[in-house]
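Trainee: Please take a close look at one part of this model, the site around the ligand. What surrounds the ligand, and where does the ligand sit?

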Amino acid sequence: MVAERGKFTNKLGFILAAAGSAVGLGNIWKFPFEVGLGGGAAFVVMYLVFCFLLCFPVMVTEIAIGRKTRKNPVGAFTSLGFKNWRFIGVFGVLAGVLILSFYNVIAGWAFGFFFEMVTGNFSVSKHFGDFTSDLVKVGTYAVIFMSATGFFVGRGVSGGIEKLSKILMPTLIIMIVIIAAYTLTLPNAFEGIKFYLIPDLNEITINTIGGALRQAFFSLSLGMGTLITYGSYLSKNDNVISSAAYITLADVSIAFVAGLMIFPLVAFINQGDMSTVASDQAGPGLIFITMPRAFETLGPNLGAFVGGTFFLLLSFAALTSTVSLLEVPTAYIVDEWGVSRKKAVLIASIIIFLVGLPSMLANGASDFFSNQFKIAGSSDFLSLVSKITDSMLLLGGMCIVIFAAHIWKKEQLNEELSNGYEGFKKKLVSKYLNFTISYVSPIILGILFVIVVLSEFFGVNVYNYLSILF
Ligand code: TRP
């Protein structure tokens, strides 16, 4: 069993794999539409604050727990001697299964759109509903995507996950910068940039704040033990703090550039009118509907090329993320059940695929799963699962920091973080981390978790209550 556990070859390999996990549909598909819904730049400001001040310490903590124990999220807590806290890991593995079950479906759409674009079928955006309700199509792409994910996870940590990320991450960065540079030159691009970057502070409501925190957690792959798992393959000689800083920076920068790529395009299509974005264009369809329309204006050949490149990019970004999501249950099965990696991959993939079936039916293929799930302000199964898992991540993140600061104890954490970072305990960053994970992160995460659950699932408008109180 011990021989089964892989290792990243070096720090760069770890950073690219973890950044590959972080950078995904969350950055390119979800971030722009959340910005659109959340009122533009005000959301962006909150998001940045959360990533650096609140999420960075959670990331460091997760990596440290993983590296200390060299275990999957469930085994990690047992191995530290706190069997009762294993529930955090169990909860994390479950969250991973649920997230991947729907994430894989959307990744399949992205991959499908790659084929639609290269064959010049731009009209697919006008019939987006027809595409998503075609179960055979959606199902086939989901099978392909899940198989590719399983293939790379099956090849192991350095031979599969790391190699894939080392090729895809640099490619992705080059592609996204080129496309952004192009969209910035379009007519009316500036209107899009204004919407994206000039905050209207009146737009900051409790919903913007909750939404920005959820987005930050999802985008950085926090709260379910992905980074406990990846940390378990990291060498003791590597610096956890600087690695986490690079991962955060990479994730935030790519989300930011994705916004620079998309909002000028939206402004171009709307001829500069951004007032309808929040009501009409934001939402999961944003990039699947808006982007192809823009590619179409480039003419058949250039459009097919740029469009194909864009959706290939999106699929690449998604693949390094699905790989990280599958790695969590796989590591759990390998460590705890003593099964070989390949078998573990097969078991996990099949379960996740089956759990994802309702999500495949949730955008038109079945009326029941598409329209009858009127829970928590969502009408379809996929959005519901996405909302549930968002809250699970906040709760998981809160439990992880409380555990590290008050149960496992900070001295132990600091000891682990000193490996690969000489003199860490005397540095300012150590004081900052200790303070945040002890008090700031648990309190803010706790409060926002309650607010998010009350408003998302019970329709309580917390904002109104707060204004009555103060
Ligand atoms: N962060 C990825 C994205 O932005 C998705 C992801 C991968 C994820 N692993 C995760 C989200 C773990 C939450 C938890 O697309």
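Mentor: Here is the ligand site, followed by the chain around it. The model is predicted: local features need pLDDT of at least 70, side-chain atom pairs need pLDDT 80 or more, and totals for chains, interfaces and linings use all residues. Residues are numbered from 1 along each chain as its sequence is written, and side-chain values use heavy atoms, without hydrogens and water.

The ligand is surrounded by 17 residues (a heavy atom within 4 Å). The closest are Ala-22, Gly-26, Tyr-103, Phe-218 and Ser-221. By class, eight are nonpolar, nine polar and none charged; Gly counts as polar, Tyr as nonpolar.

Backbone atoms make polar contacts here (N or O pairs within 3.5 Å). A polar backbone atom of Ala-22 is 2.9 Å from a ligand oxygen. For Leu-25, a backbone N or O atom lies 3.1 Å from an oxygen atom of the ligand. Ser-219 places a backbone N or O atom 3.1 Å from a ligand nitrogen. Alone, the ligand exposes 360 Å² (Shrake-Rupley, 1.4 Å probe). The protein buries 100% of that.

The ligand sits in the largest cavity. Helices H1 (11–22), H2 (25–37), H5 (86–118), H10 (206–219) and H15 (300–337) each give two or more residues to the shell.

Now the whole chain. It has 21 helices (DSSP H or I runs, at least four residues) and zero strands (E runs, at least two). The C-alpha atoms fill a box of roughly 60 × 55 × 40 Å along the principal axes.

Definitions and conventions
Polar contact = N/O pair within 3.5 Å; in protein donor to acceptor, adjacent residues only side chain to side chain. 1 Å grid on protein atoms, 1.4 Å probe; cavity = no way out; pocket = protein on both sides within 12 Å on 5 of 7 lines; lining within 4 Å. Sits in = over half its atoms within 2 Å of the grid points.
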